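Please open the structure in your viewer and keep the sequence panel visible beside it. At each stop on this tour you will be told what to select and what can be found there.

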Amino acid sequence: MDTLSKLQLLADASRYDLACACGTKANDDHRQRTPDGMWLYPVQLPSGGTGIMLKTLLTNSCVNHCRYCPFRAGRDAPRCALEPEEVADTFMHFRRTRGVMGLFLSSGVQRDADHTMDRMLAAVKLLRHKHGFRGYVHLKIIPGASDAAIDDALSVASAVSLNFEAPTRSSFNALCPDKDYERHIVHPVRLISQLTGPGMRHAGVKQTTQFVVGAAEERDLDLLEAMSRLYGRLRMSRIYFSAYQRGTGEAGLPGEAPEKRAQSDGELLTREHRLYQVDFLLRKYGFQAGEIPVDGRGMLSLSIDPKEHWASLHPECFPVDVNAASRDELLRVPGLGPVTVDRVIAARRAGTRLGRLEDIGRPGKIMEKARGFLRFG
Ligand code: SF4
């Protein structure tokens with residue numbers, strides 16, 4: 001296979017991994033296919049701007065048997081691997097000819113974790129040291145990588161990710177029979193958090209992770225508790241969710257078994273969307289995980305967004321006075337986001353008295369949600 005054919009296969013295979021700044025599936029809809037069949041992704045750069053990123057695997061071969069993964073060992077699928085030089089040279093070619101600004105590099109496990117990390121690091125070091133590339137590189141940490149390999153990765157990457165995949169030891173074990181939850185996931189994520197902490201040598205490097213939703217019998221409550229720990233104690237930059245894509249996993253996986261399918265494919269996508277809404281509530285709206293309403297089975301409602309659900313259960317907090325409420329109180333109002341709330345606060349500081357809904361935002365369905373929760377005292 002020539003380099004371009006390998007890249008076409010491996011770049012397409014990388015779409016299963018969302019744990020990078022190229023965002024959610026909604027953003028994937030905006031990925032562009034080049035005339036030679038490569039996928040380029042929109043990316044939010046750490047500098048605040050946007051650009052396009054080349055996203056690929058080093059190889060889609062793997063020695064592991066993660067039961068949900070289309071690249072697990074023994075599955076019949078075309079396999080190939082890039083050499084580190086091929087990754088670096090092709091990236092620089094795309095940079096010159098298409099203005100690509102960043103690289104996302106992941107991989108299946110070739111031989112063992114450190115061997116794979118060595119090859120990924122060789123590609124990034126060629127970019128950094130031979131080609132003088134100083135831009136954005138997101139590097140996947142291979143589960144089982146040594147502490148030294150992780151330290152090495154942090155010295156060349158702008159961001160790293162190691163996917164949790166499941167929120168508890170038991171749901172993880174149901175998905176990944178070859179991996180040890182503590183040794184392969186929890187320990188390296190903690191180590192990265194320490195090494196990138198304030199004042200540390202790798203302080204500028206971001207860490208993200210991803211959960212597969214609906215492959216094991218994990219509960220949303222378990223995911224909320226994991227998110228709380230990851231954002232709180234481990235200072236995770238972002239958490240991504242990927243609804244399990246049925247048909248790619250082992251027949252015995254709970255997500256594949258018809259009798260265990262609690263949710264249809266469409267409902268799984270709605271569940272993924274609800275988890276992203278919760279993620280925003282935790283990161284941007286001041287909510288704690290314990291405040292997010294779940295049902296008796298520990299699941300989020302699919303029919304109502306989590307902020308509206310919380311508001312419906314807390315009538316004592318409403319209506320909120322637009323002209324007097326704190327930022328935190330306003331952020332709890334369904335239909336009001338941080339941008340609108342900051343505009344309200346700025347208008348009040350400037351001495352403006354707000355008298356009707358139209359004074360605080362453009363009329364529309366989202367703003368209408370807020371009407372019943374506000375008063376204009
Ligand atoms: S280690 Fe990664 S590539 Fe390999 S089977 Fe597991 S999830 Fe798939």
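Begin by selecting arginine 238 and tyrosine 240, where the charged end of arginine 238 sits over the ring of tyrosine 240, 4.9 Å from its centre. Please keep in mind throughout that this is a predicted model. Tyrosine 240 belongs to strand 8, which covers residues 238-243. Is tyrosine 240 buried or exposed? Its relative accessible area is 4%, and because buried means under 20%, tyrosine 240 counts as buried. Now add threonine 209 to the selection: although tyrosine 240 and threonine 209 are 31 residues apart along the chain, their C-alpha atoms are separated by 6.2 Å.

For another arrangement of a charge and a ring, select arginine 332 and tryptophan 310, where the charged end of arginine 332 sits over the ring of tryptophan 310, 4.9 Å from its centre.

Next, turn to pairs of aromatic rings, of which the model has a count of nine. Select phenylalanine 164 and tyrosine 181, which form an edge-to-face pair with 6.1 Å from centre to centre and 80° between the planes. Phenylalanine 164 lies in the loop between strand 6 (159-161) and helix 6 (169-175), whereas tyrosine 181 lies in helix 7 (residues 181-195), so this pair ties together parts that are 17 residues apart in sequence. Both phenylalanine 164 and tyrosine 181 are buried. If you now extend the selection to Phe172, Phe211, Phe241 and Tyr276, you will have the cluster that ring pairs link together with Phe164 and Tyr181.

Move on to phenylalanine 318 and phenylalanine 373, an aromatic pair that is also edge-to-face, with 5.0 Å from centre to centre and 75° between the planes. Here the pair links distant parts of the chain, 55 residues apart: phenylalanine 318 is in the loop between helix 10 (306-313) and strand 9 (320-321), and phenylalanine 373 is in the loop between helix 13 (365-371) and strand 10 (374-375). Phenylalanine 318 has a relative accessible area of 13% and is buried.

Now select helix 5, residues 147-156, and colour Ala149, Ile150, Ala153, Leu154 and Val156, which are buried. What covers these buried residues? Show helix 4 (113-130), strand 5 (136-140), strand 6 and helix 7, which are among the elements that do so. Aspartate 151 lies in helix 5 too, but aspartate 151 is partly exposed, with a relative accessible area of 24%. Leaving aside neighbours within four places in sequence, aspartate 151 is in contact with Leu195, Arg201 and His202. The C-alpha atoms of aspartate 151 and histidine 202 are separated by 8.6 Å, while the two residues are 51 residues apart along the chain.

For the next stop, select helix 8 (residues 220-232) and helix 9 (residues 265-284), which pack at an angle of about 35° with their axes 11 Å apart. Helix 8 passes helix 9 in a right-handed crossing. On helix 8 the contact is made by Asp220, Leu223, Leu224, Met227 and Tyr231, and on helix 9 by Arg271, Leu275, Val278, Asp279, Leu282 and Arg283. These contact residues divide into seven nonpolar, no polar and four charged.

Finally, clear the selection and look at the whole protein, in which there are 13 helices and 10 strands. Of its 377 residues, 54% count as buried, and among contacts between residues at least 6 apart in sequence, 65% join residues at least 24 apart.

Methods: Residues are numbered from 1 along each chain as its sequence is written. This is a predicted model: local features need pLDDT of at least 70, side-chain atom pairs count only at pLDDT 80 or more; totals for chains, interfaces and linings use all residues. Side-chain values use heavy atoms; hydrogens and water are left out. Axes are lines fitted to C-alpha atoms, for helices over the stretch in contact, and angles run from 0 to 180 degrees between N-to-C directions. Helices (H or I, at least four residues) and strands (E, at least two) are DSSP runs, numbered from the N terminus. A crossing is left-handed if the near helix is turned anticlockwise from the far one by less than a right angle, and right-handed if clockwise. Contact means heavy atoms within 4.5 Å. Ala, Val, Leu, Ile, Met, Phe, Trp, Tyr, Cys and Pro count as nonpolar, Asp, Glu, Lys and Arg as charged, and the others, Gly among them, as polar. Rings of Phe, Tyr and Trp (its six-membered ring) pair if their centres lie within 6.5 Å; planes under 30 degrees apart count as stacked, over 60 as edge-to-face and the rest as tilted. Buried means under 20% relative accessible area, exposed over 50%, partly exposed in between (1.4 Å probe, protein chains only). A charge sits over a ring if NZ of Lys or CZ of Arg is within 6 Å of the ring centre and within 35 degrees of the ring normal.
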